[in-house]
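Student: I have a protein chain to go through. Can we take it by question and answer?

Tutor: Yes, have a look first.

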Amino acid sequence: MTIEEARIFAEKWISSWNTHNLDDILSHYAEDIEVTTPMIRIATGGEQSTLTGKQAVANYWATALKKLPDLKFELVEVTTGVHSVALYYKSVMGKMAIEVMFFNQEGKVNKMMAHYT
C-alpha cells in the first residue's frame with residue numbers, strides 16, 4: 001500500500017466513524033476480523049480485550065456508538081507498513097489513539113489493534 005492509498009483509506013475510515021453509520025464502518029472489515037483494544041474491556045465491563053468475527057465486532061460497536069453519541073475522530077497522521085497501516089488520531093474521551101490495521105488480499109481489514117493515551 002502506498003502512502004497515498006493509505007491516506008485515502010484513512011480519510012474514508014475516519015469519515016465512516018464520524019457518520020456513526022455502522023454498515024459504512026463495517027464495510028472496511030473482513031468477515032474474520034479480529035479486534036484487540038482495551039476499550040472492549042471498558043465498554044463491556046469484562047476481562048476480554050479481543051473480539052473475533054464481524055458480527056461480534058458489530059454488536060460491540062453498535063453498543064459503543066449508542067454510549068458515545070458525540071463520537072468524532074480527528075486524523076493526525078497516517079503511516080504504512082507491510083499490508084498494513086497505522087492511523088494516529090484524536091479519539092473519544094480526550095484520548096489519542098494509534099490503530100494498526102492489517103489487510104487481507106481483498107483489501108479488507110482482518111486484524112486491528114488499538115493503543116490509547
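**Reading the model**

Student: Which residues make a nonpolar surface patch of about 240 Å²?
Tutor: Keep in mind that this is a predicted model. The patch covers about 240 Å² of surface, and it is nonpolar. The residues that make it are V76, Y88 and I98.

Student: Is V76 buried, partly exposed or exposed?
Tutor: V76 is found in strand 3, residues 74-81. Its relative accessibility is 45%. Buried would need under 20%, and exposed would need over 50%. So V76 counts as partly exposed.

Student: How many aromatic pairs does a search of the whole structure find?
Tutor: Rings pair if their centres lie within 6.5 Å. Searching the whole structure gives this count of aromatic pairs: 8.

Student: F9 and F103 form one aromatic pair. Is it stacked or edge-to-face?
Tutor: The ring centres of F9 and F103 are 5.1 Å apart, with 85° between the planes. Planes over 60 degrees apart count as edge-to-face. The F9 and F103 pair is therefore edge-to-face.

Student: How many residues apart in sequence are the parts that F9 and F103 tie together?
Tutor: F9 lies in helix 1, residues 3-19. F103 lies in strand 5, residues 96-103. Both F9 and F103 are buried. The pair ties together parts whose separation in sequence is 94 residues.

Student: What kind of pair do the rings of W17 and W61 form?
Tutor: The ring centres of W17 and W61 are 5.0 Å apart. Their planes are at 85°, so the pair is edge-to-face.

Student: Where are W17 and W61, and how many residues apart?
Tutor: W17 is in helix 1, and W61 is in helix 4, residues 54-67. Both W17 and W61 are buried. The pair links distant parts of the chain, and the separation is 44 residues.

Student: Which residues form one aromatic cluster?
Tutor: W17 and W61 are among them. The full cluster is W13, W17, Y29, W61, F73 and Y89.

Student: Which residues lie nearest the centre of the largest pocket?
Tutor: About 330 Å³ of space lies in the largest pocket. Its lining has 22 residues. Those nearest the centre are M39, Y60, A64, L68 and V92.

Student: Which element gives the most to the lining of the largest pocket?
Tutor: Helix 1, helix 3 (38-44), helix 4 and strand 6 (109-116) each supply at least two residues. The top contribution is 4 residues. It comes from helix 4.

Student: How many salt bridges does a search of the whole structure find?
Tutor: Side chains of opposite charge can pair when their charged atoms come close. Here, the whole-structure search for salt bridges gives 3.

Student: How many residues apart in sequence are the parts that R7 and E77 tie together?
Tutor: The side chains of R7 and E77 meet in a salt bridge, 3.8 Å from N to O. R7 lies in helix 1 and E77 in strand 3, so the pair ties together parts separated in sequence by 70 residues.

Student: K54 and E31 meet in a salt bridge too. Is E31 buried or exposed?
Tutor: K54 is in helix 4, and E31 is in strand 1, residues 29-36. K54 is buried, with a relative accessible area of 17%. E31 has 61% relative accessibility, so E31 counts as exposed.

Student: How far apart are the closest N and O atoms of K111 and E34?
Tutor: K111 and E34 form a salt bridge. It links distant parts of the chain, with K111 in strand 6 and E34 in strand 1, 77 residues apart. K111 is partly exposed at 33%, and E34 is partly exposed at 27%. Their closest N and O atoms lie at 4.0 Å.

Student: Is H83 buried or exposed?
Tutor: H83 sits in the loop between strand 3 and strand 4 (84-90). Its phi is near 55°, a positive value in a residue other than glycine. Its relative accessible area is 57%, and exposed means over 50%. H83 is therefore exposed.

Student: What is the phi of M93?
Tutor: M93 lies in the loop between strand 4 and strand 5. M93 counts as exposed at 56% relative accessibility. It is not a glycine, although its phi is positive, at about 55°.

Methods:
Residues numbered from 1 in each chain as written. Predicted model: local features only at pLDDT ≥ 70, side-chain atom pairs only at ≥ 80, totals over all residues. Heavy atoms only, no water. Patch = residues over 30% accessible without salt bridge, like charges linked within 9 Å, V, L, I, M, F, W, Y side chains within 5 Å. Areas by Shrake-Rupley, 256 points an atom, 1.4 Å probe, with all protein chains shown as cover. Buried < 20%, exposed > 50% of the residue type's maximum accessible area, 1.4 Å probe, protein only. Phe/Tyr/Trp six-rings, centres within 6.5 Å; stacked < 30°, edge-to-face > 60°. 1 Å grid on protein atoms, 1.4 Å probe; cavity = no way out; pocket = protein on both sides within 12 Å on 5 of 7 lines; lining within 4 Å. Points joined across faces, edges and corners; volume = space filled by probe spheres on them.
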